[in-house]
Amino acid sequence: MVSRAQVAIIGAGVVGASIAYHLTLRGCSDVLILEKEEAEVSGSTARSAAGVRHQFSNATNILLSRYSIQKLRTFDEEVGGHAELHLVGYLFLVNDAATWEQYQRNVALQRRLDVRVEVLGPEEAARFVPGMRTDDLIGATFGPDDGYCDPYGIAMGYLRAAQRMGARILRGAAVTGFEVRGGAVSGLRTTRGAVACDIAVNAAGPWAGEVATLAGLDVPVRPYRRNMYMTAPFPQIPGPIPLTVDVGSGFYMRHEGASILMGRSNPNEPSSFNTSVDWDWLDHVLEAGLYRFPVLQHASLATGQCWAGLYEITPDHNPILGRHPDLANYVDASGFSGHGIMHAPATGMLIAEEILDGRAHTIDIDDLRINRFRTGQQHVEQNVI
Ligand SMILES: Cc1cc2nc3c(=O)[nH]c(=O)nc-3n(C[C@H](O)[C@H](O)[C@H](O)COP(=O)(O)OP(=O)(O)OC[C@H]3O[C@@H](n4cnc5c(N)ncnc54)[C@H](O)[C@@H]3O)c2cc1C
């Protein structure tokens, strides 16, 4: 039984795994990952759409993506495991003037940060996806260095590499409480016993808000269900196509093998930990999908291959990273609001800096610190799906 660790990481998803990897890579090997489930990587990481993109409205998110996607290109050689990066691009289709103006501003920012992104007319965009309806489109943006990956392969790659360098995982160990003495965390209570630690990292994904409450902190991360629906193999849309987003409706799709994987967020569903597939919501997804891509009327659903998972959402759709001002040896790494796979490599590197160097420095994360909710200085991410 483990009773002490220099760094205790709560959560063995892709974020906790990346933090453990980057700490051990820098020589901090006394790392313990606490996971409430009997298997690691069984939370949101295993249930995502796996998209990676540079196309954000917020500079810090673009920088997190730029660093992370570059790292995923060489993941298999550098870390081990399988990133399965498919750089098929992300195509955003826009059909209203105000959003198009916002997208033009996004493109200018993305280009200033050295991201490749193309601005397309409706007909140019239609070349990417056969049978796309274009008569109401104003334009599209295409990021050729965007795409999708294998989140499970990435998380397991990070975990196994961290273990080889000395990190330990305790499975079936739900954190149930924090020991706080003199304004600092001295240890954690878990269902598998107490663990003393110098630093505690909250990488509990959709559960991060609840975990923070155990430490007496208010960290505004809330779980929201998101559904993924898969078709049977569908040759009428031959691959590869970009991960394509109909911005007006929020419908998006990409290939998964020979099938089409599609989704659309339900903005009216309240926060919950429900992960059963919402079959009622499917009608709304299909309505939007068939409008933009009428060819989908010939697709049949692979009901057994549909799933639901949880986004971990913050009020401004940006993650919460860094040491907490009220509990100096407690570190937040959650609230990715649907972007935790694509931002995990940078997050691991930055949280390792925060712990080992006193402050993250390769990318400035001051905009992402929890203090923004106290000062009101939030830069809301506009480009969320
Ligand atoms: C349908 C869907 C589509 C998505 N699409 C994308 C996408 O295209 N691109 C993208 O980048 N992101 C996407 N995401 C978001 C992405 O999956 C998450 O941001 C990411 O997985 C977060 O990783 P994590 O490690 O923080 O959380 P998780 O993978 O959920 O890991 C957290 C871990 O903490 C453990 N835990 C929780 N509480 C405790 C406790 N008290 N004690 C011990 N352990 C605990 C959990 O069991 C879990 O294993 C999507 C998510 C969903 C649901």
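Domain bounds, as the word "domain" is used here, come from an automatic or database domain assignment, and the structure to which they are applied is a predicted model.

**Exercise 1. Find which domains supply the shell around the ligand.**

Solution. Begin with the division of the protein, which consists of domain 1 (4-50 + 151-221 + 315-375) and domain 2 (90-144 + 223-313). Then turn to the ligand, whose shell draws at least three residues from each of domain 1 and domain 2. At the level of helices and strands, α1 (14-25), β12 (222-230) and β16 (307-313) each supply at least two residues of this shell, and β16 gives the largest share, with four residues.

**Exercise 2. Describe the residues around the ligand by kind, and name those that come nearest.**

Solution. Sorting the shell by residue class gives 20 nonpolar, 15 polar and six charged residues. Among the 41 residues around the ligand, those that come nearest are G11, G13, G43, G205 and G340.

**Exercise 3. Work out how domain 1 and domain 2 meet, and where the largest nonpolar core lies.**

Solution. First, the C-alpha centres of domain 1 and domain 2 are 30 Å apart, and 14 residues of domain 1 are in contact with ten residues of domain 2. On the side of domain 1 that touches domain 2, five residues are nonpolar, eight are polar and one is charged.

Next, consider the largest nonpolar core, which has 111 residues and in which A8, I9, A20 and V201 have the most contacts. Because domain 1 and domain 2 both give residues to this core, it lies between them.

Finally, take A20 as an example: apart from its neighbours within four places in sequence, A20 is in contact with I9, V31, I33, Y158, L159, A162 and A167.

Terms used
Residues numbered from 1 in each chain as written. Predicted model: local features only at pLDDT ≥ 70, side-chain atom pairs only at ≥ 80, totals over all residues. Near = placed C-beta within 6 Å. Nonpolar A, V, L, I, M, F, W, Y, C, P; charged D, E, K, R; others polar. Contact = placed C-beta atoms within 7 Å. Core = buried A, V, L, I, M, F, W, Y, C linked by C-beta atoms within 7 Å. Buried ≥ 20, exposed ≤ 12 C-beta atoms within 10 Å, placed from the backbone.
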